[in-house]
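Good morning, colleagues. Please have the sequence and the coordinates open while I go through several local features in turn.

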Amino acid sequence: MTRKFWKRTEPVDHTEWDHTEPDHAELARLLPAPSVPPMPLDRQLLFEEHLLNEIRTPAPAPEPTARPVRRALLIAVPVTAVALAAVFTVGALTSGGTDGRTGADAVAAPVVAVEEGSAIQLVATVQRIADAASAQQVPEPKPGQYIYINSKVSFLSSSHNFDTNESRTWVQPLHQREIWKSPDARRGWLDEPGYQPKGGIGLGSDNPHSTPRNGKDIEGEAAPLSYVWLKAQPADPQALLKTVYASARGPRDRDQQAFERVKEIINEQLVPAPTAAALYRAAAKIPGVVVVQNSQDAAGRTGLALARLDDRTGERTELVFDRTTFAYLGSRGVQVREYDGVKPGTVVERTAVLERAVVDAQKMRPGSGGTA
């Protein structure tokens, strides 16, 4: 009996079989039983390693859609890969049940009653907010000075047990975050004790991981949303809204991205008064924006909010304003419907702007030589 060797993926060519071959039972009777050679040691080790890998590797869980990063630095980033990695490690979302430091530092996320928003009073509310913004006395930074923002913040931290398919959610403890940015956003400094290297980290071309290329420093392009960029924008809501939409990137809901862009601007930037008024009017034109009558910032200050629900993640972003002065206080993110194990009513982020000023140097605070 003769037959060529063949691969499993190849069909067997039966024309090459010798049809005069003896009966199998006859062959088995005439021939001695074949011996079973022992498996070589290297093959045994290979099978053992494969078996151990099968035991150690858990079954892959369905990959959840990643939440958007909740905090943007709004700075110019050098175009080196190392600098990009260093700057964006301050993203708000962490995993493994920690908040960026240790698991012991994480706390249970607050849970609030979910209040339904309404667009009935949107126009009147935004008009009061815009009027208040127009009346503000905003200092103008000079070349060499820095915009200083002092905030209290807390962001989501979560973990997932792949063995039990259970998720747990914490938030970072409320902590201080100070940022200094040049008017063109090319240079800056961020100090967030416990969440950044001790003493803070440089931003933009001040980032220590920005390495020279071809013997020259890479300064990076001026970031949109800088003070200089904002001042150059027309104080026209429709034109400003078009510009905000143009900055939206990626497959996510562009309306939600535009609303979050507004939040990024007013959280950690100094906005000229006419531009701020136009920006709030522009936000009201984004589809899905409503008024929530009762909200709260990270400092516990209560007020009303302009809000929008992200239909994909079920999270509502709220911009909180003082109910009497209509000054901006901070932001809040509330889970309206369950998503990725986060229950409705969970407060997944909180910010509060405590101080906004112009100072003469990095790491300088108002009252120590800065200009308020």
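Glu178 has Asp191 of strand E6 as its bridge partner. This pairing, like everything I describe today, belongs to a predicted model. Strand E5, residues 175-181, and strand E6, residues 187-191, run antiparallel and are joined by 4 bridges. Of the 7 residues of E5, 6 are buried, so this strand is largely enclosed by the rest of the structure.

Let me stay with this hairpin for a moment. There are 5 residues between the strands E5 and E6, and Ala185 lies in that loop. What is the phi of Ala185? The value is near 65°, which is positive in a residue other than glycine. As background, a negative phi is what most residues other than glycine have. Ala185 has a relative accessible area of 1%; because the cut-off for buried is under 20%, Ala185 counts as buried.

A second positive phi, of about 70°, occurs at Lys363, again not a glycine. Lys363 is located in the segment that follows strand E12, residues 347-359. Is Lys363 buried or exposed? The answer lies in between: with a relative accessible area of 47%, Lys363 is partly exposed.

I turn now to a pair of helices. Helix H6 spans residues 237-246 and helix H7 spans residues 254-267; their axes come within 9 Å and cross at roughly 110°. Angles of 65 to 115 degrees count as roughly perpendicular, and H6 and H7 are therefore placed in that class. On the H6 side, the contact is made by Val244, Tyr245 and Ala246. H7 contributes Arg254, Asp255, Ala258 and Arg261. By residue class, the contact of H6 with H7 comprises 4 nonpolar and 3 charged residues, with no polar ones.

Asp255 of H7 also leads to my last residue, since Arg308 touches it. Arg308 is placed in strand E9, residues 302-309. Its relative accessibility is 6%, so Arg308 counts as buried. Which side chain makes a polar contact with the side chain of Arg308? That partner is Asp253, at 3.4 Å. Leaving aside residues up to four places away in sequence, Arg308 touches further residues, among them Gln256, Phe259, Ile286, Pro287, Gly288 and Val289. Glu315, Arg316 and Thr317 are also included in the residues that Arg308 touches.

That concludes the tour, and I would welcome your comments.

Note on methods: Residues are numbered from 1 along each chain as its sequence is written. This is a predicted model: local features need pLDDT of at least 70, side-chain atom pairs count only at pLDDT 80 or more; totals for chains, interfaces and linings use all residues. Side-chain values use heavy atoms; hydrogens and water are left out. Axes are lines fitted to C-alpha atoms, for helices over the stretch in contact, and angles run from 0 to 180 degrees between N-to-C directions. Helices (H or I, at least four residues) and strands (E, at least two) are DSSP runs, numbered from the N terminus. Angles under 35 degrees count as roughly parallel, over 145 as roughly antiparallel, 65 to 115 as roughly perpendicular and the rest as oblique. Contact means heavy atoms within 4.5 Å. Ala, Val, Leu, Ile, Met, Phe, Trp, Tyr, Cys and Pro count as nonpolar, Asp, Glu, Lys and Arg as charged, and the others, Gly among them, as polar. Buried means under 20% relative accessible area, exposed over 50%, partly exposed in between (1.4 Å probe, protein chains only). Two strands pair if DSSP finds at least two bridges between them. A polar contact is a pair of N or O atoms within 3.5 Å; within protein, one must be able to donate a hydrogen and the other to accept it, and residues adjacent in sequence count only if both atoms are side-chain atoms.
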